[in-house]
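Please look through the sequence and the model shown here, and then read the report that follows.

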Amino acid sequence: MNQMDFLISGILAITWKQAVMYVVGIILIWLAVKKEYEPSLLLPMGFGAILVNFPASGVLNQYIEGVGETNGIIEWLFSIGIEASEALPIILFIGIGAMIDFGPLLSKPILFLFGAAAQFGIFAALLFAVILGFDLKDAAAIGIIGAADGPTSILVSQILHSNYIGAIAVAAYSYMALVPIVQPFAIRLVTTKKERQIRMKYTPGEVSKSMRIAFPIVVTFIVGLIAPSSVALVGFLMFGNLLRECGVLGSLSETAQNVLANLITLFLGITISFSMQAEAFVKPNTLLIMAIGLVAFVFDTIAGVVFAKVINLFVKEKINPMIGAAGISAFPMSSRVVQKMALKEDSNNILIMQAAGANVSGQIASVIAGGLLIHLVSNYL
C-alpha cells in the first residue's frame with residue numbers, strides 16, 4: 001500500500017464525531033490566538049483535542065500488529081498526572097498562591113464575605129444538573145464549574161470519577177476566559193446606574209509582614225480541621241503564598257509564579273485533552289453542561305452583587321454592589337472587569353483594591369467549596 005492509499009484509508013477512518021472534535025480544537029486554538037482568551041490553557045487543549053481524535057492515535061494507547069500494545073504520551077500523562085494522583089491541578093495551586101497578594105483582603109476583612117457569597121452558583125448549578133437527570137457525582141462535578149476555577153473543576157471531576165471531565169474542563173476554562181463578557185451582562189441585570197456609580201474610600205490598613213506570613217498558616221490550620229477534604233487544595237494554595245510572603249525564598253517564589261505555573265499549565269492543558277475523545281465528548285450532555293456552566297457563572301455574579309446590596313441595608317458607608325461580583329475565583333480578571341465598569345460609569349471611581357480583595361477571597365472560597373463538595377458527595381455515595 002503506497003502513501004496515497006494510507007492517506008485515503010486514514011481519511012475514510014475518520015468518524016463524524018472525530019471531525020466535530022477537529023472543529024472544536026480549531027475553535028479553541030482560534031479563541032486562544034485571535035481573542036487571547038486563556039491562551040495558556042485553551043491552545044494546548046485545542047491542539048490536544050485534535051491529537052487524541054486521529055484514528056488509532058499514537059498519543060493514546062494502541063495495539064500495533066507484531067508489536068503489541070504501546071503507551072501513548074497523552075494517556076500516560078493523564079494516568080499519572082490526573083487519574084492516579086490528581087497531581088497536576090494540585091501542584092498548579094502552588095504557582096497560583098505565589099501570585100496572590102492577600103494584602104487588600106487582610107486590610108478589609110469584610111471582603112471575605114463576598115468570596116463566600118459568590119459561590120452560590122456552584123450549588124445552584126448542582127441543583128439544575130440533578131433536576132436535568134445527571135447523577136449526583138456528575139452534578140457536583142458540573143456544579144464546580146461555578147467556582148470559576150479551572151484546576152478545581154478538573155480536580156473535583158476527577159476525584160468524583162465524573163463521566164464528563166473533558167466537557168467540564170472546557171466549560172470551566174471557556175467561561176473563565178469569557179468573564180469580561182458574561183459578568184458585565186449579569187451585573188447590569190441586578191444593579192442600577194446609580195448603584196454602579198457608588199464610590200468607596202480605600203484606606204489601606206497596615207498589614208504587617210508577620211500577619212502576611214501567619215495568614216496562609218492559619219487558613220491551612222482552620223481548613224484542615226473543619227474541612228479536611230479541602231486541605232490539599234487550600235494547603236498548596238497557601239504554601240505558594242507563604243513562599244511569596246516569607247521574604248527568604250524570593251527565587252523559589254519567582255519560579256513558582258512563572259516557570260512552575262507555566263509548565264504545569266501547559267501539561268495540564270494538553271493532558272486534559274485525553275478526556276476530549278470524540279466518543280466521550282460529542283454527546284448532547286456536553287452542550288447541556290456548557291449551558292449549566294453558564295448558569296453557574298451568572299448566578300455566582302448575581303449572588304455576589306445581591307449580597308452586597310443586602311449589606312448596604314445595614315451600613316452607613318455604602319458598598320458598590322459590583323464589588324460582590326468580584327467574589328468569584330477568576331483572579332484577576334473579575335476585579336479588572338469591575339474596575340473597568342466603574343470607570344465607564346464614573347471616570348474617577350477607583351475600586352480596584354476592594355475588587356481585588358473580594359477576588360482573592362473568592363479564590364480561597366472556591367477551593368474550600370470544592371473540598372466540601374468532594375466530602376459531601378463521597379459521604380452520600
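Leaving aside its neighbours within four places in sequence, which residues is Ser-162 in contact with? They are Lys-137, Asp-138, Ala-141, Ser-157 and Ile-168, where contact means heavy atoms within 4.5 Å. The model is a predicted one, in which local features need pLDDT of at least 70 and side-chain atom pairs count only at pLDDT 80 or more, while totals for chains, interfaces and linings use all residues. Residues are numbered from 1 along each chain as its sequence is written, and side-chain values use heavy atoms, with hydrogens and water left out.

**A buried serine and a buried glutamine**

Ser-162 is found in the loop between helix H10 (150-159) and helix H11 (165-177); helices are DSSP runs of H or I with at least four residues, numbered from the N terminus. Ser-162 counts as buried because its relative accessible area is 7%, and buried means under 20%, exposed over 50% and partly exposed in between, with a 1.4 Å probe and protein chains only. The side chain of Ser-162 makes a polar contact of 2.9 Å with the side chain of Asp-138, and the side chain of Ser-162 also reaches the backbone nitrogen of Tyr-164 at 3.1 Å. A polar contact is a pair of N or O atoms within 3.5 Å; within protein, one must be able to donate a hydrogen and the other to accept it, and residues adjacent in sequence count only if both atoms are side-chain atoms.

Gln-158 lies in helix H10 and is buried as well, with a relative accessible area of 4%. Not counting residues up to four places away in sequence, Gln-158 touches Phe-78, Ile-82, Glu-83, Glu-86 and Ile-165.

**Aromatic pairs**

The structure holds eight aromatic pairs, in which rings of Phe, Tyr and Trp (its six-membered ring) have centres within 6.5 Å, and planes under 30 degrees apart count as stacked, over 60 as edge-to-face and the rest as tilted. Two of these pairs are set out below.

| Pair | Centre to centre | Angle between planes | Type |
|---|---|---|---|
| Phe-120 and Phe-299 | 6.2 Å | 25° | stacked |
| Phe-128 and Phe-299 | 5.9 Å | 80° | edge-to-face |

The stacked pair links distant parts of the chain, with Phe-120 in helix H8 and Phe-299 in helix H18 (residues 284-312), 179 residues apart. The edge-to-face pair also links distant parts, since Phe-128 in helix H8 and Phe-299 in helix H18 are 171 residues apart. Phe-120 counts as partly exposed at 44% relative accessibility, as do Phe-299 at 31% and Phe-128 at 33%. Elsewhere, ring pairs link Phe-102, Phe-112 and Phe-215 into a cluster.

Conventions: Helix = DSSP H or I, 4+ residues; strand = E, 2+ residues; numbered from the N terminus.
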